[in-house]
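Subject: Structure handover

Hello,

As agreed, I am passing the structure on to you. My notes on it follow below.

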Amino acid sequence: MELGQHPDQRVGVFVDTQNLYHSARDYYERNVNFESLLRFAVGGRRLVRATAYVVEKEGDTSAWPFIYKLSTIGYRVRRMYLTVKELGEGGKPIYEGNWDMGIAADMVRLMPHLDVVVLGSGDGDFVEILEVLMERGIRVEVIAFRETTAQKLIDAVDRFVHLPDIPNAFMEPKNTER
């Protein structure tokens with residue numbers, strides 16, 4: 001167990017799957033192993049709830065196996081459909097799907113039941129809510145990619161972990177040979 005951790009701490013894990021997916025793809029050409037992330041985030045403490053936030057296109061079923069896998073490894077999955085934010089050049093739709101407020105609301109809802117909040121995201125928009133949690137005595141840890149994590153987020157929290165540093169951080173590449 002790391003410094004600041006003990007077995008009777010009650011932990012809530014909040015994972016922005018889109019944030020981590022895009023960082024892993026863009027910087028490492030790999031997929032995050034969300035099971036390893038959860039195991040590391042809990043770290044021998046008492047898990048109250050782990051929630052994974054997913055954004056999907058309406059009518060697109062390609063995310064369903066991923067969503068099913070998340071639910072079987074211990075996450076409560078919250079889903080949101082992309083919405084058309086505006087039309088770009090040539091009338092091409094620009095989509096938006098953002099769980100920031102939902103994640104913050106879930107943190108507040110669970111606040112009385114948690115000693116530790118672990119956020120899986122590098123989004124600096126979370127600094128304010130994380131500071132509120134810390135002011136109320138909740139330890140805040142972030143697991144994300146250093147390359148895409150806002151410095152103000154790293155500076156604000158009790159512990160930052162560069163996701164590639166956790167054991168088995170990435171899924172094994174699929175064998176494309178037959």
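To start with one residue: R159 belongs to strand β8, which covers residues 159–162. With a relative accessibility of 13%, R159 falls under the 20% limit and therefore counts as buried. Leaving aside residues up to four places away in sequence, R159 is in contact with E2, Q5, F40, R139, V140, E141 and V142. Please keep in mind throughout that this is a predicted model.

The chain as a whole

There are 6 helices and 8 strands in the chain. Read from the N terminus, the order of elements is β-α-α-β-α-β-β-β-α-β-α-β-α-β. The chain has a radius of gyration of 17 Å, close to the 16 Å given by the globule rule for 178 residues, so it is as compact as a globular protein of that length. The C-alpha trace spans about 50 × 45 × 30 Å along its principal axes.

Of the 178 residues in the chain, 44% are buried. Taking contacts between residues at least 6 apart in sequence, 64% join residues at least 24 apart. The exposed area of the chain is about 10100 Å², and carbon and sulfur atoms supply 49% of that area. On the charge side, the chain has 22 positive and 27 negative charges, and the mean positions of the two sets are 6 Å apart.

Aromatic pairs

The count of aromatic pairs comes to 5. One of them is formed by Y28 and F145: the ring centres are 5.5 Å apart and the planes stand at 35 degrees, which lies between the limits of 30 and 60 degrees, so the pair is tilted. This pair links distant parts of the chain, as its two members are 117 residues apart. Y28 sits in helix α1 (residues 17–28), while F145 is in the loop between β7 (139–144) and α6 (151–156).

The two partners also fall into separate accessibility classes. Y28 has a relative accessibility of 26% and so counts as partly exposed, whereas F145, at 1%, counts as buried. F170 joins Y28 and F145 in one aromatic cluster.

Two further residues

Y75 is placed in the loop between α3 (64–72) and β3 (76–81). Its relative accessible area is 4%, so Y75 is buried. Beyond residues up to four places away in sequence, Y75 touches V15, F34, L37, L38, A50, T51, A52 and L70. As for distance, Y75 and I143 are separated by 68 residues in sequence and by 16 Å in space, C-alpha to C-alpha.

Q9 is found in the segment before β1 (10–16). Q9 has a relative accessible area of 6% and is therefore buried. Its contacts, again not counting residues up to four places away in sequence, are G4, R45, R46, D115, V116 and R139. R139 is thus on the contact list of Q9 and also on that of R159.

Regards

Key:
Residues numbered from 1 in each chain as written. Predicted model: local features only at pLDDT ≥ 70, side-chain atom pairs only at ≥ 80, totals over all residues. Heavy atoms only, no water. Phe/Tyr/Trp six-rings, centres within 6.5 Å; stacked < 30°, edge-to-face > 60°. Helix = DSSP H or I, 4+ residues; strand = E, 2+ residues; numbered from the N terminus. Buried < 20%, exposed > 50% of the residue type's maximum accessible area, 1.4 Å probe, protein only. Contact = heavy atoms within 4.5 Å. Rg over C-alpha atoms; globule rule 2.2 N^0.38 Å. Areas by Shrake-Rupley, 256 points an atom, 1.4 Å probe, with all protein chains shown as cover. Lys, Arg positive; Asp, Glu negative; His and termini not counted. Charge placed at Lys NZ, Arg CZ, Asp CG, Glu CD.
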